[in-house]
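Thanks for sharing this one. Below are some notes to read with the structure open beside you.

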Amino acid sequence: MTLAVRYTSARTLDTAPATAPEPGPGEVELAPAYVGICGTDLHIFHGDMDTRVAAPAVLGHEMAGRIVRVGPGVEGWRPGDAVTVMPLRWDDTCPACRAGHQHICQHLDFIGIDSPGAMQQRWTVPASTLIRLPGTLPLDQAALVEPTAVAVHDVGRAAVKEGEKVVVVGGGPVGILIALVARAAGAEVRVVELNAHRRLLAEELGLSTWDPATADITALVQRWTGEAGADVAFEVSGAAGGVDTAVDVLGVRGRLCLVAIHPRPREINLHRFFWRELSLVGARLYDRGDFERAVTLVADGTIPAQRLITKIVPLTEAPAAFEALESGGDVMKILVDCTDGTRGAAV
């Protein structure tokens, strides 16, 4: 018998027996080892996505594991291979796909939201979603490849260049990853974050931080940039105040990259956009190139994945882990161990 974590209704998860479909043509069966809990999973847990998520729903899309079986016609993969999954299925027929933007397909199946996810002991997915992992990369650290791919895509959308001044508003897991990826691209980075624990972790990773509760962020940016303003700001907080900060810190022709999911419309200072000729870009998901770059960054230590993992819990304790993340505090990234307890992180 295998187990899965299922969302059943608002603020209710259970752990129930599950059977993964036998892999059909072009499919593989995986044994997920570690699955991260992300902000989208929390939105589902809160019931905010009930119009999209059909309960009972198996959650999870930040994962690493191994192939168990391959279906007919699958080539280049074999049981035992270490993999992560780019959890996207697109139709290849809609206008977005025809324009080459399959990752934002107009009929996108985001696996783990629109279809069963990785928080189970066996998981059947299209072989086309697989991303190979280096054999030397521990699977717990590899579970952070997916959010790192998000950060790679975000930094790419903002076209961050070497020597630019970058402000990241929001120092949660994705904000920290964006800061690290931007730094790897040669940018000078500052992270704006209210939570003291998150600021401390960022500083331990060599990032400079500012506390908006005790400092005038715009004034600090002006001093930092010689009155020019930042070249790029990333809004990762999801808060109205974060939007204001991200706009206010930008210099002439600065770029604002919107990363956070804002559940309701926000007021924005359009006069500032006019006066300084600012640009706003959205950043959603990733493509295969982003994922492959993320694998490299995690594997070579540019992304210190182990430092971002607060704790690992067994699959049966996943419901409690959601509540711990919801409370904030000193929690950064929690992984769910989907193994039977007999395998280590590097299996």
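1. Let me start with F273, which touches V247, L256, I268, L278, S279 and L280 once residues up to four places away in sequence are set aside. F273 sits in helix α9. It is worth keeping in mind throughout that this is a predicted model. Is F273 buried or exposed? Its relative accessibility is 14%, so F273 counts as buried, the cut-off being under 20%. If you would like a long-range distance to go with it, the C-alpha atoms of F273 and G170 are separated by 21 Å, with these positions 103 residues apart along the chain.

2. Just after that helix, please have a look at E277, in the loop between α9 (270–276) and β16 (279–282). Its phi is positive, near 50°, and E277 is not a glycine. Most residues other than glycine have a negative phi. With 45% relative accessibility, E277 counts as partly exposed.

3. D92 deserves the same kind of look. This residue is found in the loop between β7 (88–89) and α2 (95–98). Here phi is about 65°, again a positive value in a residue that is not a glycine. As for its surroundings, D92 has a relative accessible area of 47% and is therefore partly exposed.

4. While you are checking the backbone, where is the cis peptide bond that involves P56? The bond runs from A55 to P56, and its omega is near -5°. P56 itself belongs to the loop between α1 (39–45) and β4 (57–58). For context, most peptide bonds are trans.

5. Helix α5 (residues 173–184) makes a pleasant stop. Its twelve residues reach 17 Å from the first C-alpha to the last, close to the 16 Å expected at 1.5 Å a residue. How many of the twelve residues of α5 are buried? Nine are, so the helix is mostly covered, a residue being buried when its relative accessible area is under 20%. The buried set consists of P173, G175, I176, L177, I178, A179, L180, V181 and A182. After the helix comes G186, with a positive phi near 100°.

6. R183 is also part of α5, but it is partly exposed, at 34% relative accessibility. Beyond its neighbours within four places in sequence, R183 is in contact with V189, L205, G206 and L207. Which of its contacts is worth zooming in on? I would choose the one with L205, whose backbone oxygen lies 3.0 Å from a polar atom of the R183 side chain. For a long-range reference, R183 and R266 are 83 residues apart along the chain, and their C-alpha atoms are separated by 29 Å.

7. Next, the pairing of helix α4 (residues 145–157) with helix α10 (residues 288–299). Their axes come within 8 Å and cross at roughly 115°, and the crossing is right-handed. On the α4 side the contact is made by V145, E146, T148, A149, V152 and H153, while α10 contributes D290, F291, R293, A294, V295, L297 and V298. By character, the residues of this contact divide into eight nonpolar, two polar and three charged.

8. V232 lies in strand β14. At 0% relative accessibility, V232 counts as buried. Which residues does V232 touch, not counting those up to four places away in sequence? They are A158, V160, E164, K165, V166, V167, L250 and R255. By contrast, the C-alpha atoms of V232 and A31 are separated by 40 Å, and the two residues are 201 apart along the chain.

9. Finally, T225, in the loop between α7 (217–224) and β14 (230–235). At 13% relative accessibility, T225 counts as buried, because that value is under 20%. A polar atom of its side chain lies 2.8 Å from the backbone nitrogen of G229. Leaving aside neighbours within four places in sequence, T225 is in contact with K165 and A230. K165 links this point to the previous one, since V232 touches K165 and T225 is in contact with K165.

Terms used:
Residues are numbered from 1 along each chain as its sequence is written. This is a predicted model: local features need pLDDT of at least 70, side-chain atom pairs count only at pLDDT 80 or more; totals for chains, interfaces and linings use all residues. Side-chain values use heavy atoms; hydrogens and water are left out. Axes are lines fitted to C-alpha atoms, for helices over the stretch in contact, and angles run from 0 to 180 degrees between N-to-C directions. Helices (H or I, at least four residues) and strands (E, at least two) are DSSP runs, numbered from the N terminus. A crossing is left-handed if the near helix is turned anticlockwise from the far one by less than a right angle, and right-handed if clockwise. Contact means heavy atoms within 4.5 Å. Ala, Val, Leu, Ile, Met, Phe, Trp, Tyr, Cys and Pro count as nonpolar, Asp, Glu, Lys and Arg as charged, and the others, Gly among them, as polar. Buried means under 20% relative accessible area, exposed over 50%, partly exposed in between (1.4 Å probe, protein chains only). A polar contact is a pair of N or O atoms within 3.5 Å; within protein, one must be able to donate a hydrogen and the other to accept it, and residues adjacent in sequence count only if both atoms are side-chain atoms. The expected span of a helix is 1.5 Å times one less than its number of residues.
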